[in-house]
Amino acid sequence: MTKPFRADLHCHSTCSDGSMSPRELVFHAKAVGLSGLCITDHDTIAAYMTAIEAAKLAGILLGSGVEFSSVHEGISVHVLGYDVDLSSPALKELCDRHVMRRKKRNETIVKKLAEGGMPIDLVELEEGSAEGRPMGRPHIAQALLKKGYVKTFGEAFQKYIGDGRPFFDPGEPISTEETLAVIHEARGKAFIAHPHLMEGKNKVLRVLELPFDGLECFYSKCLPVQEKKWVEIAEEKGLLISGGSDFHGKMKQGIPLGSSWVDRETFEKIFEKNLCL
Ligand code: AMP
Ligand code: ZN
Ligand code: FE
Ligand code: FE
């Protein structure tokens, strides 16, 4: 019997805040029985420098992707850019701007933490990362854990650096509208990621007034009843559907790769450029 086609379209590598290198991620995908994968690092496409060769070797389909942080009318919106042209100058420019945004933002958060009596070493934090990698709050959470300021990774977010917490800083916002324009210029398709995190259907509908192409309906942390609701909204609005685990490896425990996925038909509707030729 042939195994069913499953593709996980949301995961992170060491190029952003995942714990597996792009190559490890691709071979891990193969090992857990996936036939397709899309690596959606935060604000970077660097994973594709090595992931494409790995996917050819592993014999799995790879679609291009990225997850951009953006803001629309004060709402934080994570935008998945799928099937983007990896050589697009506009895409590169946006990724570069995000690296600068994160650098400044991390400095602000680290300064606030020091003033609050919890100094961590930003240099040490950055030295542990690949050059130009967009460091995020999970790296800061790890540093707080290492220093013993918190007992768990989650506690760092709940008490200190989660959205709206005392040491949180949003950084210079980049608009959702501009993000969509760049994804479209790169001939890609823009999806709202994990809409359930946007606190309410109305906010999602408001954001969907922008020219999105799809909605992430299947997600590791969602119940089937919640997923059904997002599928209905996508169908009503004529949007494409996507799904994935949001796997971060050891950086975020308890979310296995492949714990959310899409079938072949869905994969083929999204990815029209074959990276593995
Ligand atoms: P950043 O991109 O720097 O804003 O950090 C976002 C990352 O932090 C995402 O990968 C989230 O999964 C993770 N994150 C955000 N809020 C929490 C939370 N409350 N608990 C654990 N991880 C979180
Ligand atoms: Zn992440
Ligand atoms: Fe996200
Ligand atoms: Fe993600």
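Q: How far does a polar side-chain atom of Lys 252 lie from an oxygen atom of ligand 1?
A: This is a predicted model, where local features need pLDDT of at least 70 and side-chain atom pairs pLDDT 80 or more, while totals for chains, interfaces and linings use all residues; side-chain values rest on heavy atoms, without hydrogens or water. Residues count from 1 along each chain as written, with chains lettered from A and ligands numbered from 1 in written order. For a polar contact, two N or O atoms must be within 3.5 Å. The Lys 252 atom and the ligand 1 oxygen satisfy this at 2.2 Å.

Q: How much of the accessible area of ligand 1 does the protein cover?
A: Side-chain N or O atoms also come to 2.8 Å from a ligand 1 oxygen at Arg 102 and to 3.3 Å at Asp 17. On its own, ligand 1 has 500 Å² of accessible area (Shrake-Rupley, 1.4 Å probe). Of this, the protein covers 77%.

Q: Which helices each supply at least two residues of the shell around ligand 1?
A: The residues around ligand 1 (a heavy atom within 4 Å) include Arg 102, Arg 105, Arg 137 and Pro 138. Helices here are DSSP runs of H or I of at least four residues, and strands are E runs of at least two. The helices in question are α3 (89-115) and α5 (137-146).

Q: Why does the pair His 42 and His 248 tie together distant parts of the sequence, and how many residues apart are they?
A: The zinc ion (ligand 2) has donors (N, O or S within 2.8 Å) from Asp 17, His 42 and His 248, at 1.9 to 2.5 Å. His 42 lies in the loop between β2 (36-38) and α2 (48-58), and His 248 in the loop between β8 (240-244) and α10 (264-270), so the pair ties together parts whose separation in sequence is 206 residues.

Q: Which strands hold Glu 67 and His 78?
A: Glu 67 (OE), His 78 (ND1) and His 194 (NE2) are the protein donors of the iron ion (ligand 3), at 2.0 to 2.2 Å. Glu 67 and His 78 tie together parts 11 residues apart, because they lie in β4 (65-72) and β5 (75-82).

Q: What distance separates the iron ion from the zinc ion?
A: Asp 17 serves the zinc ion (ligand 2) through OD and also belongs to the surroundings of ligand 1. From the zinc ion to the iron ion (ligand 3), the separation is 5.9 Å.

Terms used:
A polar contact is a pair of N or O atoms within 3.5 Å; within protein, one must be able to donate a hydrogen and the other to accept it, and residues adjacent in sequence count only if both atoms are side-chain atoms. Donors are N, O and S atoms within 2.8 Å of the metal (3.2 Å for Na, K and Ca); water is not among the atoms, so sites may look incomplete.
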